[in-house]
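Trainee: I should like to practise justifying the terms used for a protein model. May I ask for the reasoning behind each one?

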Amino acid sequence: MAAIYHSQTLSVTIQHEPGQVYEYVHNLSNFPEWATSFCLSIRESGERWIMETPEGQATIRFVAKNNYGVLDHYVGTLSGDEILVSMRVVANGSGSEVLFTAFQLPGMSDEKFAEDQGMVWRDMETLKRVLEGRVD
């Protein structure tokens, strides 16, 4: 039986329609604009995207585009190890709620888990500022 990991779901409210938020986030070329704590740059290489991060190169890919607001994505090493990252955008009145669930993986200290959550929170706040500052 697989282990159950400690998790934390973070959310941010954004004053934009869910479809607009979804399209912006799903476009990986936008990652360096809002995921500033871990994505220094990104480039497409064949069928995958390669990010430069503070810890070196990583790959990133989304699950298939969908009509449900699912923005789950896989972040991995160039050798092929991948971690599923759970993310959603849902309607919140006339705006959106973006939800990100972080999991404390085996071997991750409580301090590292808290640090990662802080990075995610900063990125979600940046996403809010970027999108609410845009005129569509």
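Trainee: In this predicted model, which residue of β5 is the bridge partner of isoleucine 60?

Mentor: The partner of isoleucine 60 is valine 75, in β5. Valine 75 also has a bridge partner in β6, namely isoleucine 83.

Trainee: What makes β4 and β5 a pair of strands?

Mentor: Two strands pair if there are at least two bridges between them. β4 and β5 (residues 73-76) are joined by 4 bridges, so the requirement of at least two is met and they are called paired. They run antiparallel. By the same cut-off of at least two bridges, β5 pairs with β6 through 4 bridges, β6 with β7 through 7 bridges, and β2 with β3 through 5 bridges.

Trainee: Why are β1 and β2 called edge strands?

Mentor: The open sheet has 7 strands in the order β1-β7-β6-β5-β4-β3-β2. β1 and β2 (41-45) each have a single partner strand, so one side of each has no neighbour in the sheet. On average, neighbouring strands are turned by 25 degrees against each other, direction ignored.

Trainee: Which helix packs on this sheet, and which strands does it touch?

Mentor: α1 packs on the sheet and touches β1, β4, β6 and β7. The direction of α1 makes about 155 degrees with that of β6. Another helix, α3, lies across β1 and β7 and runs at about 15 degrees to β1.

Trainee: Which residues lie in the turns of the hairpins, and what is notable about their phi?

Mentor: β2 and β3 form a hairpin with 2 residues between them, and glycine 46 in its turn has a positive phi of about 65 degrees. Within the paired strands, serine 45 has arginine 48 of β3 as its bridge partner. β6 and β7 also form a hairpin with 2 residues between them, where glycine 93 in the turn has a positive phi of about 65 degrees. The hairpin of β5 and β6 has 5 residues between the strands, and glycine 80 there takes a positive phi near 115 degrees.

Trainee: How do you know that threonine 126 is buried?

Mentor: Buried means under 20% relative accessible area. Threonine 126 has a relative accessible area of 11%, which is under the cut-off of 20%, and therefore the residue is called buried. Threonine 126 lies in helix α3 and touches Glu33, Trp34 and Thr36, not counting residues up to four places away in sequence.

Trainee: What does tryptophan 34 touch?

Mentor: With residues up to four places away in sequence not counted, tryptophan 34 touches Tyr24, Val25, Met87, Asp123, Thr126 and Leu127.

Trainee: Which residues have the most contacts inside the largest nonpolar core?

Mentor: They are Val25, Phe31, Trp34, Ile42, Val98 and Leu127, in a core of 30 residues. Elements that give two or more residues to this core include α1 (18-26), α2 (31-34) and β6 (82-92). The largest share, 5 residues, comes from α3.

Trainee: Which residues lie nearest the centre of the largest pocket?

Mentor: Phe38, Val75, Ile83, Val85 and Asp116 lie nearest the centre, and the lining has 35 residues. The volume of this pocket is about 960 Å³. α3 gives the most to the lining, with 8 residues.

Note on methods: Residues are numbered from 1 along each chain as its sequence is written. This is a predicted model: local features need pLDDT of at least 70, side-chain atom pairs count only at pLDDT 80 or more; totals for chains, interfaces and linings use all residues. Side-chain values use heavy atoms; hydrogens and water are left out. A nonpolar core is a set of buried Ala, Val, Leu, Ile, Met, Phe, Trp, Tyr and Cys residues joined through side-chain atoms within 4.5 Å. Buried means under 20% relative accessible area, exposed over 50%, partly exposed in between (1.4 Å probe, protein chains only). Contact means heavy atoms within 4.5 Å. Axes are lines fitted to C-alpha atoms, for helices over the stretch in contact, and angles run from 0 to 180 degrees between N-to-C directions. On a 1 Å grid over the protein atoms alone, a cavity is a set of points where a 1.4 Å probe fits but cannot get out, and a pocket is an open set with protein on both sides within 12 Å along at least five of seven lines; lining residues have an atom within 4 Å of a point. Grid points are joined across faces, edges and corners, and a volume is the space filled by probe spheres set on the points.
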